[in-house]
Amino acid sequence: MDVKKRVGIMGGTFNPIHLGHMLAGENACENFDLDEVLFVPSGNVEKKREIIDPKIRISLLGDAIEDNAHFALSTQEVDRKGNAYSYRTVADLKKKNPLTEYYYICGADRLFHWDRWDEPEKLFAEVPILVAPRYNKHTDEELQAKIAELKEKYNANIQIIPMSEVNISSTDIRDKVAQGKSLRYIVHYRVVEDIKKYKLFLPDEE
C-alpha cells in the first residue's frame, strides 16, 4: 500500500498559538518532507483560569495559520466528549486515513515530562516523534540522553527538528499582555488583533 501523504500532528492547548509553534511546524515540513502540519487544539483540559475557551483558541489558531497552505486545523479533540489523549487522536486519524503517514510534533520540554503522559508507550508505538529543541531549558547533551532513554524504554522513534532556538512560550505571552507589553514578532498579527478583540489575558480587576 503506497503512502500518498505525510502529515505532522501538533497538539497542545495553544493558549495562545505563537510563532514558535508555527516555526516548528514549518521546519518539520521542510526537513521531513511533510505535506501538511495538522494543528489539533486540546479540548477537555484541566479547568484553570488562564485556559481560554476552546472556541476562542480555535479562532486564534485558524487566523494564525490560514495563510500557510501546508497548515491545517482539526477540532476533533475539542469535539470529542471526555478526555482526549494524543495516542487516541493519532489512532483515530490513522484509521480514517490509512494511506497517510503520520508524525507527532512537540517541544523537547515535553519529553522531559513523559511520565505525565497518559500511556506514553501507546503514542510511541503509533508514530515517530519530531521534537523542536528548547536549548534554553535543556542542553543538546541532555536532550540526546533523554531521547536515548525513551528509545531504550519504549523503542521510541524520536528525531530532532533542525531549527534555530525560539525562546517563546504561551506563558510569556500571557504575562506580556497582562503587563501591557508588545507582542510584535512573537505572535501572528491577526492573533494580536484577536487578543485585543476578545480582551484576553488581562489582569483581574481588584
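In this predicted model, Phe 14 is buried, with a relative accessible area of 3%. Phe 14 lies in the loop that joins β1 to α1. The phi angle of Phe 14 is near 50°, which is a positive value in a residue other than glycine. Most residues other than glycine have a negative phi, and most peptide bonds are trans. With residues up to four places away in sequence not counted, Phe 14 touches His 21, Phe 39, Val 40, Pro 41, Arg 57 and Leu 61. Phe 14 and Ala 132 are 118 residues apart along the chain, and their C-alpha atoms are separated by 15 Å.

The loop between β1 (5-12) and α1 also holds Pro 16. The peptide bond that leads from Asn 15 to Pro 16 is cis, and its omega is near 5°. Another positive phi, of about 55°, belongs to Asp 33, which is not a glycine. Asp 33 is placed in the loop between α1 and β2. Is Asp 33 buried or exposed? Asp 33 has a relative accessible area of 56% and is therefore exposed, the threshold for this class being over 50%.

The largest nonpolar core contains 34 residues, of which Ile 17, Leu 34 and Phe 39 touch the most other members. At least two residues of this core come from each of α1 (19-31), β2 (36-41), α2, β4 (100-107), β5 (129-132), α8 (170-178) and α9. In soluble globular proteins, nonpolar side chains tend to be buried together. Apart from residues up to four places away in sequence, Phe 39 touches Met 10, Phe 14, Ile 17, His 21, Leu 61, Ile 65, Phe 71, Ala 72, Leu 73 and Ser 74. A second core, separate from the one described above, has 26 residues, including Val 7, Leu 93, Tyr 104 and Val 127.

Leu 61 is part of helix α2. The relative accessibility of Leu 61 is 0%, so this residue counts as buried. Once neighbours within four places in sequence are left aside, the contacts of Leu 61 are with Phe 14, Ile 17, Phe 39, Pro 41 and Leu 73. Between Leu 61 and Arg 190, which are 129 residues apart along the chain, the C-alpha separation is 9.6 Å.

Arg 190 is one of the residues through which α9 contacts α2. Helix α2 spans residues 54-65 and helix α9 spans residues 189-198; the two pack at an angle of about 155°, and their axes are 8 Å apart. Because of this angle, α2 is roughly antiparallel to α9, a description that applies to angles over 145 degrees. The crossing in which α2 passes α9 is right-handed. On the α2 side the contact is made by Ile 56, Ser 59, Leu 60, Asp 63 and Ala 64, and on the α9 side by Arg 190, Val 191, Asp 194, Ile 195 and Tyr 198. By class, the residues of this contact comprise 6 nonpolar, 1 polar and 3 charged.

Met 163 is located in the loop between β6 (158-160) and α8. Met 163 has a relative accessibility of 17% and so counts as buried, since this class covers values under 20%. Neighbours within four places in sequence aside, Met 163 is in contact with Leu 23, Ala 24, Asn 27, Ala 132 and Pro 133. The C-alpha atoms of Met 163 and Phe 39 are 19 Å apart in space, while the two residues are 124 residues apart in sequence.

Arg 80 occupies a position in the loop between α3 (76-79) and α4 (86-96). The contacts of Arg 80, with neighbours within four places in sequence left aside, are Tyr 85, Arg 88, Thr 89 and Asp 92. A C-alpha distance of 20 Å separates Arg 80 from Pro 120, with their positions 40 residues apart along the chain.

Technical notes:
Residues are numbered from 1 along each chain as its sequence is written. This is a predicted model: local features need pLDDT of at least 70, side-chain atom pairs count only at pLDDT 80 or more; totals for chains, interfaces and linings use all residues. Side-chain values use heavy atoms; hydrogens and water are left out. Axes are lines fitted to C-alpha atoms, for helices over the stretch in contact, and angles run from 0 to 180 degrees between N-to-C directions. Helices (H or I, at least four residues) and strands (E, at least two) are DSSP runs, numbered from the N terminus. Angles under 35 degrees count as roughly parallel, over 145 as roughly antiparallel, 65 to 115 as roughly perpendicular and the rest as oblique. A crossing is left-handed if the near helix is turned anticlockwise from the far one by less than a right angle, and right-handed if clockwise. Contact means heavy atoms within 4.5 Å. Ala, Val, Leu, Ile, Met, Phe, Trp, Tyr, Cys and Pro count as nonpolar, Asp, Glu, Lys and Arg as charged, and the others, Gly among them, as polar. A nonpolar core is a set of buried Ala, Val, Leu, Ile, Met, Phe, Trp, Tyr and Cys residues joined through side-chain atoms within 4.5 Å. Buried means under 20% relative accessible area, exposed over 50%, partly exposed in between (1.4 Å probe, protein chains only).
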